[in-house]
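Please open the model in your viewer with the cartoon shown and side chains ready to be switched on. The tour goes from one selection to the next and says what is there at each stop.

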Amino acid sequence: MAKCSVCGKGVVFGHNVSHSNRKTNRTWKPNIRKVKAVVNGSHQTVAVCARCLRSGKVERA
């Protein structure tokens, strides 16, 4: 599942727009990484976006 377990960031929907202005559906997926982190004092593998990793919101195990 493409969802960050820390901030809740998920898939966003929109359109591809061609030169002739035809629109087709597309998605933007967050940069999710599975990392071993400390959650409530125990080590767990969690899905976290790259921004939360970079900003230090996750304590790596």
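How many disulfides does the count come to by the distance rule for cysteine sulfurs? The count comes to zero disulfides, and since this is a predicted model, the statement concerns the coordinates as they were predicted.

**First selection: the cysteines**

Select cysteine 4 together with cysteine 7 and display the sulfur atoms. The closest cysteine sulfur to that of cysteine 4 belongs to cysteine 7 and lies 3.6 Å away, which is too far for a bond because a disulfide requires the two sulfur atoms to be within 2.5 Å. Cysteine 52 is likewise in no disulfide, and its nearest cysteine sulfur, that of cysteine 49, is 3.5 Å away.

Now turn on a surface for these residues. Cysteine 4 is buried, with a relative accessible area of 4%, and cysteine 52 is also buried, with a relative accessible area of 2%. Leaving aside residues up to four places away in sequence, cysteine 4 touches Lys9, Ile32, Ala47, Val48, Cys49 and Cys52.

**Second selection: the nonpolar core**

Select Cys4, Val35, Ala37, Val46, Val48, Cys49, Cys52 and Val58, the eight residues that make up the largest nonpolar core. The elements that give two or more residues to this core are S3 and S4, and S4 gives the most, with three residues. As background, nonpolar side chains tend to be buried together in soluble globular proteins. In the protein viewed here, buried residues make up 20% of the 61 residues.

**Third selection: strands S3 and S4**

Which strands should be coloured next to follow the elements that feed the core? Colour S3 and S4, which are residues 32-39 and residues 42-49 respectively. The two strands pair in the antiparallel sense over eight bridges, and a convenient place to look along the pairing is alanine 37, whose bridge partner in S4 is glutamine 44.

Staying in S3, select lysine 34, which is found in that strand. Is lysine 34 buried or exposed? Lysine 34 counts as exposed, at 70% relative accessibility, and, not counting residues up to four places away in sequence, lysine 34 touches Thr45, Val46 and Ala47. If you draw a distance from the C-alpha atom of lysine 34 to that of cysteine 49, which is 15 residues apart from lysine 34 along the chain, the viewer should show a separation of 8.6 Å.

Next, move to the turn, where S3 and S4 form a hairpin with two residues between them. Asparagine 40 lies in this loop and has a positive phi of about 55 degrees although it is not a glycine. Asparagine 40 counts as exposed, at 81% relative accessibility.

**Fourth selection: strands S1 and S2**

Select residues 12-17 for S1 and residues 23-28 for S2, which run antiparallel and are joined by six bridges. Within this pair, glycine 14 stands opposite arginine 26 in S2. These strands also form a hairpin, here with five residues between them, and asparagine 21 has its place in the loop between S1 and S2. The phi of asparagine 21 is near 70 degrees, a positive value in a residue other than glycine.

**Last view: the whole chain**

Finally, clear the selections and look at the whole protein, which has one helix and four strands. From the N terminus on, the elements run β-β-β-β-α. The radius of gyration is 16 Å, well over the 10 Å that the globule rule gives for 61 residues, so the protein is more spread out than a compact globule. Rotating the C-alpha trace onto its principal axes gives spans of about 55 × 20 × 15 Å.

Among contacts with a separation of 6 or more, 26% are between residues 24 or more positions apart. With the surface displayed for the whole protein, the accessible area comes to about 5000 Å², of which 48% belongs to carbon and sulfur atoms.

Note on methods:
Residues are numbered from 1 along each chain as its sequence is written. This is a predicted model: local features need pLDDT of at least 70, side-chain atom pairs count only at pLDDT 80 or more; totals for chains, interfaces and linings use all residues. Side-chain values use heavy atoms; hydrogens and water are left out. Two strands pair if DSSP finds at least two bridges between them. Buried means under 20% relative accessible area, exposed over 50%, partly exposed in between (1.4 Å probe, protein chains only). Contact means heavy atoms within 4.5 Å. The radius of gyration is taken over C-alpha atoms; the globule rule is 2.2 Å times the number of residues to the power 0.38. Accessible areas come from the Shrake-Rupley method with a 1.4 Å probe; for residues, only the protein chains shown count as cover. A nonpolar core is a set of buried Ala, Val, Leu, Ile, Met, Phe, Trp, Tyr and Cys residues joined through side-chain atoms within 4.5 Å.
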